[in-house]
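Open the model in the viewer and hide everything except the ligand and the protein around it. The tour starts at the ligand and then moves to a sheet.

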Amino acid sequence: MQPNVAAAKEALSHLDIEQSQAAIRAKSRDFFWYSPVLKARLDHVEADFVVSPRSEAEVIEVLRTCYAHDVPVTTRGAGTGNYGQAMPLAGGCVMHLHHMNAVQEIAPGRVVTQPGILLKDLDAATKAHSGQELRMFSSTWATATIGGFIAGGSGGVGSCTWGSLRDLGNIIRLRVVTMEEEPRVLEFRGEELARVSHAYGTNGIITEIEVPLAPAYDWVEMFLTARDFMQAARFAEGLANLDGVLIKLATVFEAPIAKDYFQRVAPHVEAEDNVIGLMVAPQSMDGFLTFLSRNPGVEMIYRNDDHDWARGPGAVFEYGWNHTTLRALKVDPSITYLQVRYGFPEHLPLIEKMRDALSPEVLQHLEVLRENGKVMFAGLSLVKFTTEERLDEIVKMHEDAGAMIFNPHRYTLEEGGRQSVDDRQLSFKREADPKGLLNPGKMIAWDDPSFGFDEMYAYPKMQAAE
Ligand code: FAD
């Protein structure tokens with residue numbers, strides 16, 4: 001199967017095709033460079049061409065044409081993913097969905113939208129229409145698309161109350177186009193959603209999305225400090241467990257993350273301060289302040305609706321989730337990170353154990369996460385990178401202790417996920433992408449079903465570095 005890129009590009013030349021080589025390179029990249037491991041392996045990867053369809057009909061045309069000419073297609077939302085998800089490993093076509101940004105319907109409790117709209121624009125539309133907002137969004141709210149969030153993300157701001165994207169009820173319906181001689185348009189609900197959500201666009205292109213909404217609030221955003229790290233973690237957990245207090249974010253940063261990496265917060269904290277970032281609904285502030293008063297040792301240093309900081313910190317959620325890593329990286333380029341699941345009920349002892357074993361080489365950054373009604377933590381730990389071997393050792397220490405790692409230093413679905421094949425995604429790929437042209441190299445089960453996960457997977461058809 002030899003791709004005929006020139007023929008595909010020619011056949012699509014009446015669509016919006018990127019002409020500038022610099023733009024093609026830029027649109028072939030995402031935030032893979034967060035990982036020194038991926039940076040070393042993917043830096044050279046580049047698409048042959050970039051096309052931006054304006055409608056589902058044009059998506060179908062791109063897929064039909066690339067299928068006919070055996071050209072790989074990697075879909076791009078905004079390219080903010082950081083597992084190399086949107087990198088076209090085998091070159092070919094990058095299909096950029098930024099024109100497909102129309103909100104189609106807003107109703108009580110739900111919105112129907114095209115995939116290429118930015119999360120912030122979708123949120124603004126639902127607020128303006130009926131005082132509703134997205135239940136959860138990636139901390140890249142300002143720059144990422146809803147389609148990319150569903151195909152590549154996991155959860156984020158709001159997950160402390162609503163759980164993760166994969167939890168039932170957090171996606172209502174997806175409309176999906178297949179990569180066949182004559183692409184089909186399918187509608188997925190219920191069990192079928194797992195076929196394509198968080199599948200990196202390896203087995204279908206999402207062209208319409210229906211997600212639930214919640215009432216919108218002017219969230220009170222705060223920073224708190226605590227000298228004792230475990231007290232800060234227990235405080236965040238306790239707050240999330242208050243049934244009558246509505247929160248959208250509860251983040252814990254081990255000292256000295258805030259002092260060293262949060263430039264606008266640094267003047268207001270000491271190196272010894274562990275910091276808690278919060279979003280609390282305004283009607284819950286009385287309950288929250290009562291809870292705070294029951295926790296001597298935890299101090300509020302900032303609230304967005306009443307503060308005397310000469311220079312405000314900006315949105316508190318843009319310190320949380322993977323923005324913590326971004327801020328640290330800007331100050332110290334040797335920082336990288338891990339994604340850890342500290343599952344209930346062992347979450348707090350596990351966190352303490354990993355911190356005792358690894359701090360300050362690994363600094364704890366925790367996000368409160370609700371899973372099956374239980375409050376627990378996701379860790380997006382900051383790691384001082386030295387070597388790949390040491391990084392692998394740190395990963396193994398977590399796994400041996402019982403903390404699951406979603407390894408952000410791997411570009412495949414399986415290695416960045418639960419290290420196992422998702423049969424629903426694989427069997428849908430067999431049906432929907434028989435030539436294996438969608439985002440190639442990201443699903444090990446497709447390329448090498450006998451892979452043993454004892455070393456990092458290396459996609460054999462990866463574009464060669466020049
Ligand atoms: P892209 O990066 O363009 O795409 C992501 C994946 O989805 C790719 O595999 C792409 O091929 C595929 N894709 C995109 N659109 C479609 C479509 N319509 N159909 C099929 N496949 C498609 N992630 C979180 O989950 N939570 C966070 O809080 C979070 N915080 C982040 C903070 C920072 C600073 C950074 C750099 C990343 C963060 N991420 C987070 C990762 C990423 O930003 C999110 O997952 C984001 O929502 C991805 O959206 P995007 O539009 O940039 O997608």
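**Ligand and sheet**

Select the ligand and every residue with a heavy atom within 4 Å of it: the shell holds 38 residues, the closest being Thr75, Thr80, Thr145, Ser154 and Gly155. The model is predicted: local features need pLDDT of at least 70, side-chain atom pairs count only at pLDDT 80 or more, and totals for chains, interfaces and linings use all residues. Residues are numbered from 1 along each chain as its sequence is written, and side-chain values use heavy atoms, without hydrogens and water.

Colour the shell by class: 14 residues are nonpolar, 23 polar and 1 charged, with Gly counted as polar.

Next, show the backbone of three residues.
- Glycine 77 has a backbone N or O atom 2.7 Å from an oxygen atom of the ligand.
- Glycine 155 has a polar backbone atom 2.6 Å from a nitrogen atom of the ligand.
- Isoleucine 206 places a backbone N or O atom 2.9 Å from a nitrogen atom of the ligand.

The protein buries 98% of the 970 Å² that the ligand exposes when taken alone (Shrake-Rupley method, 1.4 Å probe).

Switch to cartoon. Strand S3 (73–76), helix H6 (146–152), strand S10 (205–215) and H12 each supply at least two shell residues (DSSP runs, at least four residues for helices and two for strands). H6 gives the most, with 5 residues.

Now select the open antiparallel sheet, ordered S15-S20-S17 (pairing takes at least two DSSP bridges). S15 (335–337) and S17 (362–363) are edge strands with a single partner each, so one side of each lacks a neighbour in the sheet. S15 is joined to S20 (residues 382–384) by 3 bridges, and threonine 336 stands opposite valine 383. Finish on helix H12 (residues 323–331), which packs on the sheet and touches S15 and S20 (heavy atoms within 4.5 Å).

Conventions. Axes are lines fitted to C-alpha atoms, for helices over the stretch in contact, and angles run from 0 to 180 degrees between N-to-C directions. A polar contact is a pair of N or O atoms within 3.5 Å; within protein, one must be able to donate a hydrogen and the other to accept it, and residues adjacent in sequence count only if both atoms are side-chain atoms.
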